[in-house]
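With the structure open in a viewer, please follow this tour one selection at a time, pausing at each stop before going on to the next.

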Amino acid sequence: MRTLVDRLATLHTLDADSYRALLECDSDTESYLKERARNIATEHFGHEIYVRGLIEISNYCRNNCLYCGLRRDNRNIARYRLSDNEIIDCCAKGYAMGLRTFVLQSGEDSTLTDSRITNLISRIADIAPEAAITLSLGERSKDSYTALFNAGASRYLLRHEAADRQLYSLLHPEDMSWSNRIDCAKSLIAIGYQTGMGMMVGVPQQTTDHLIEDLLLLQQMRPQMVGIGPFIPQADTPLGYHTAGPIDLTLRILAIVRLMLPNALIPATTALASLDADARNQAILSGANVVMPNLSPACVREKYAIYDNKAATASESAEGIASLQQQLNTIGYHLNFSRGDFQQYDRL
Ligand code: 5AD
Ligand code: SF4
C-alpha cells in the first residue's frame, strides 16, 4: 500500500483502482499518506500558510442547490447585500492588517452585474494596488468571466461539486446543469484565471466511486486551487436531516489531492473548522496551505449560513487573525500575508 502513496507522490497521477485503495486504506497507510502530503507541501511552501481575506458580499441566490442554506426557496434566512462602500471598507481594513488577497464570494445574485463587479475591482485596485482579487460568484458566461479577468480579477473559485453527472443531478434542481458547471470551469482555466475547483465530502448518496470520479476529474483538469470540505446539514434545506460528512475521509482526500497537485493552493476550509476546532490544524498537517478568515462585517456574518453552526468568530474572523496565528504556531506553521500566487514551476 505504501508504494501506491510513493507512486502518487512521484508521478502525481494514479488510476481509479489505486485511488479506491487509498480512499479505503488502513490507518498505517493513512498516516504515511498524510506524512508524504505534509512533506511535499513543506518542500514547496515551507511552513507558510497563505491567508486570504474572505468577504461574503451577498447571500441572495437565484439557485436552489439542495444542500445549501442560501438556496432561493429558503424563506428562513435574512437576506443581505453589502454596498460597494461596505465592500471597499472591508478590503481597506484587511489591507491595513496586511492582507494581500481578497476573495469576493456571493450567492448567484443578479444585481452583481459585470459593470458593478468591474467597478468594484478597480476601486479595490486603487486602495490595495498590489493585492490579488479572487472572485467566487458562481456560474456566469464566458464573456462575463473574460470581462472580469480583464478588469483585474486573477483568480476564480467555482467548485465542481460532483464529477458524477448523476450525483450532480441528485444534489441540484433540473435547471442546473453539470455540463454547464464543467464548461464554466474550463472557460475560467482557458481565460487564464488561477481556478479553484472542489467538492464536499459525505454529501447524501455520495459513494467511493463518486469520490474517485472527483479525483480523476481534478487529475485531468489540474486546477490551481482545490477547496474540499465535509458536507454539513443546514436545517432549512431538503438535505437538512442528513448527518455531516466524515472529517477523517475529508483529510485523507486533502492529502491525496496534495500529492496529485503538489503546488496547488489548498485551503483548510471553514467547513472543516466548523465541525472540529482542531480540524484546521489537521488539514494543514495533511497538506493544506491556505486559510481564509472572514472579513465580512460582524453583523452579516451569521447570515451567510450555507450550513448550520458555521464558524464565524475567533480564528475565522479578522479579529481572530492573531489567534489563528497562535493556533498554527502550535504545529510549527505561520501565516504568510503575501499574495501567494500559484507558481507554475515545480521546485522539487
Ligand atoms: N455543507 C458544506 N459545504 C457546503 N457548501 C454549500 N452548502 C454546503 C453545506 N451544506 C459549499 C459548496 C459551495 C461552497 C460555497 O460551499 O461546495 O461550492
Ligand atoms: Fe447558491 Fe452556491 Fe448555495 Fe448553490 S451552493 S444555492 S449556487 S450559494
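**First stop: ligand 1**

Select ligand 1 together with the residues around it, which are Tyr67, Cys68, Arg159, Glu161, Met200, Pro230, Phe231, Ile232, Ile306 and Tyr307. Please keep in mind throughout that this is a predicted model. By class, this shell holds 8 nonpolar and 2 charged residues, with no polar ones.

Which atoms of ligand 1 lie 2.9 Å from Tyr67 and 2.5 Å from Glu161? At Tyr67 a backbone N or O atom lies 2.9 Å from a nitrogen atom of the ligand, whereas at Glu161 a polar side-chain atom lies 2.5 Å from an oxygen atom of ligand 1. Now turn to Ile232, where a polar backbone atom is 2.6 Å from a nitrogen atom of ligand 1. Taken alone, ligand 1 exposes 400 Å², and the protein buries 86% of that.

**Second stop: ligand 2**

Next select ligand 2, which is surrounded by Cys61, Asn63, Cys65, Tyr67, Cys68, Leu70, Arg71 and Gly107. The shell here divides into 5 nonpolar, 2 polar and 1 charged residues. Tyr67 and Cys68, listed here, also belong to the surroundings of ligand 1.

**Third stop: the sheet of 6 strands**

Switch to a cartoon view and colour the open sheet whose 6 strands follow the order E2-E3-E4-E5-E6-E7, with parallel pairing. Strand E2 (53–58) and strand E7 (225–230) each have a single partner strand, so one side of each of these edge strands is left without a neighbour in the sheet. On average, and with direction ignored, neighbouring strands of this sheet are turned by 20° against each other.

Within this sheet, select strand E5 (residues 155–157) and strand E6 (residues 194–201), which run parallel and are joined by 3 bridges; Arg155 stands opposite Gln194 in E6. Then add helix H5 (residues 114–127), which packs on the sheet and touches strand E3 (101–106) and strand E4 (132–136), its direction making about 155° with that of E4.

**Last stop: the sheet of 3 strands**

Finally, select the open sheet in which 3 strands are arranged in the order E8-E1-E9, again with parallel pairing. Its edges are strand E8 (290–291) and strand E9 (334–336), each with a single partner strand, so that one side of each has no neighbour in the sheet. Strand E1 (residues 48–51) pairs with E9 in the parallel sense over 3 bridges, and Glu48 has His334 as its bridge partner in E9. Helix H14 (residues 321–329) packs on this sheet, where it touches E1, E8 and E9, and its direction makes about 125° with that of E9.

Technical notes. Residues are numbered from 1 along each chain as its sequence is written. Chains are lettered from A and ligands numbered from 1 in the order in which they are written. This is a predicted model: local features need pLDDT of at least 70, side-chain atom pairs count only at pLDDT 80 or more; totals for chains, interfaces and linings use all residues. Side-chain values use heavy atoms; hydrogens and water are left out. A residue is near a molecule or strand if one of its heavy atoms lies within 4 Å of it. A polar contact is a pair of N or O atoms within 3.5 Å; within protein, one must be able to donate a hydrogen and the other to accept it, and residues adjacent in sequence count only if both atoms are side-chain atoms. Accessible areas come from the Shrake-Rupley method with a 1.4 Å probe; for residues, only the protein chains shown count as cover. Ala, Val, Leu, Ile, Met, Phe, Trp, Tyr, Cys and Pro count as nonpolar, Asp, Glu, Lys and Arg as charged, and the others, Gly among them, as polar. Two strands pair if DSSP finds at least two bridges between them. Helices (H or I, at least four residues) and strands (E, at least two) are DSSP runs, numbered from the N terminus. Axes are lines fitted to C-alpha atoms, for helices over the stretch in contact, and angles run from 0 to 180 degrees between N-to-C directions. Contact means heavy atoms within 4.5 Å.
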